[in-house]
Amino acid sequence: MSFQVAIIGGGWYGCHIASSLLALGFSVELFEQSDRLLSEASGNNQFRLHLGFHYARHHNTRLQSRDGYFRFMERYSDLSKAVLQNVYAVPQTDSLIDFQTYRMIMTSTGLDFREGESVPIEISNIEGFLFAPERVLLIEKAREYFRKQLEGHLNLSSKVKEIKDLGEHVTVNGRRFDFVIDATWGHFSSPGMDVFYEPTMLLYFEGPADFPAITLVDGPLCSIYPTEEPEIFTLSSVPHTPLGRYATAGEARRGRDSVTNEVVIEKVEQMTRQVSQYVPEFRDGFRFMGPQLSIKTKPIGAYDDRSCHVWKRGRIFSVLSGKIDTVFFAVERILSFLEAGNDLRAPEVPSSLRGDILRQRAVIGL
Ligand SMILES: Cc1cc2nc3c(=O)[nH]c(=O)nc-3n(C[C@H](O)[C@H](O)[C@H](O)COP(=O)(O)OP(=O)(O)OC[C@H]3O[C@@H](n4cnc5c(N)ncnc54)[C@H](O)[C@@H]3O)c2cc1C
């Protein structure tokens, strides 16, 4: 059955959902307020194709990342590239868990990693480390890929201002659809769980192209990760990257947009000091290029939940994304909601045997 579906938001989630539903024969229109795809969080993050090594404290997030990674590689392998040396290191004193526990959690999640190799640079104050086969996302290539995939179905520079659920159908800015999917990461309508909005600042640094990716786990630590450009890296820090905590998306956007030079300079100093405790050559080997500002939408709770959630209210779906590799769960849940509501039921077509019997009956006037 071909439904008319409107999707709000052209981030990784909106783009993936749109291209998946198109492939299934749905009629799809995507509305994105910016003039290009992947303009908000999807184009401003650490670009890590996660396998789960980041999430020692949330089982479901690890499982979704692990499974999502392999599905991502099947479907979008050209949209990422390998990180040759990707080190996860557990510091001696500042981590919430010890290295053996960390290693055991990753092993029991079924994650593959390498050990016993040396790191080509000095990493100080470390209890143990392993190498994870994660990748880096290629955002510019992804933009181009989705622009082509969704040609004829894209409405760029189109802000959705109003959705109305009228029971039998729904309208988006006055246009009629069967269903609408809010893939704005909670910026258009509130998700179905309590969340807060966190403006963030990562820092772009220029450094040696062959420098390894280094992530210190687990707790208030930091990481250096490559980008799609060989000599550009992001530096992220659990205590210093957040710029505040807001109840609404609008407040968070105002918080992000009011960041001053003084705040940037302070963050550069704090984050450089933090990473240099573990990677002494960072201070002299890397040059600050500029900040990357973004907004995270996070579930309120004690655990580190970054799994994907989907809700359906009437004809309106809302998606709370987890990580980028968890996009597949969003489509699965949308389809299972439609199936549960019998919306996907195919029209009844009589089998050919029944058709033949009915024709014979008609011929002999039964
Ligand atoms: C600092 C940081 C680091 C991160 N690091 C990683 C990482 O390394 N790996 C990883 O997998 N994930 C990471 N994430 C998470 C990842 O960025 C998000 O999970 C993902 O990008 C969310 O995608 P999305 O499509 O749901 O949202 P978005 O990318 O934010 O897309 C939502 C879209 O909706 C549009 N929109 C909003 N309102 C409207 C409207 N009214 N009308 C039309 N359009 C509208 C916006 O313009 C935007 O393009 C990170 C996030 C942050 C902030």
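This briefing covers the ligand site, the two domains and two backbone features of the structure above. The model is predicted, so local features need pLDDT of at least 70 and side-chain atom pairs count only at pLDDT 80 or more, while totals for chains, interfaces and linings use all residues. Residues are numbered from 1 along each chain as its sequence is written, and side-chain values use heavy atoms, with hydrogens and water left out.

**Ligand site**

- The ligand has 34 residues around it, where being near a molecule means having a heavy atom within 4 Å of it.
- Glu32, Ser42, Arg48, Gly322 and Ile324 come nearest to the ligand.
- An oxygen atom of the ligand lies 2.6 Å from a polar backbone atom of glycine 322; a polar contact is a pair of N or O atoms within 3.5 Å.
- For phenylalanine 47, a polar backbone atom is 3.3 Å from an oxygen atom of the ligand.
- A backbone N or O atom of alanine 41 also lies 3.3 Å from a ligand oxygen atom.
- On its own the ligand has 1,000 Å² of accessible area, and the protein covers 96% of this (Shrake-Rupley method, 1.4 Å probe).
- Two or more residues of the shell come from each of α1 (12–23), β13 (195–206) and β17 (287–299); helices (H or I, at least four residues) and strands (E, at least two) are DSSP runs, numbered from the N terminus.
- With three residues, β17 gives the most to the shell.
- The shell has 13 nonpolar, 15 polar and six charged residues; Ala, Val, Leu, Ile, Met, Phe, Trp, Tyr, Cys and Pro count as nonpolar, Asp, Glu, Lys and Arg as charged, and the others, Gly among them, as polar.

**Domains**

- The chain is divided into domain 1 (1–70 + 138–192 + 301–366) and domain 2 (84–133 + 195–299), with bounds from an automatic or database domain assignment.
- The ligand lies between domain 1 and domain 2, because both give residues to the shell around it.
- The C-alpha centres of the two domains are 31 Å apart.
- Domain 1 puts 29 residues into the contact and domain 2 puts in 42 (heavy atoms within 4.5 Å).

**Backbone features**

- Most residues other than glycine have a negative phi, and most peptide bonds are trans.
- Leucine 38, which is not a glycine, has a positive phi of about 50°, and is in the loop between β2 (27–31) and β3 (48–49).
- The peptide bond from valine 217 to aspartate 218 is cis, with omega near 5°.
- Aspartate 218 is in the loop between β14 (213–216) and β15 (222–226).

Key. Polar contact = N/O pair within 3.5 Å; in protein donor to acceptor, adjacent residues only side chain to side chain.
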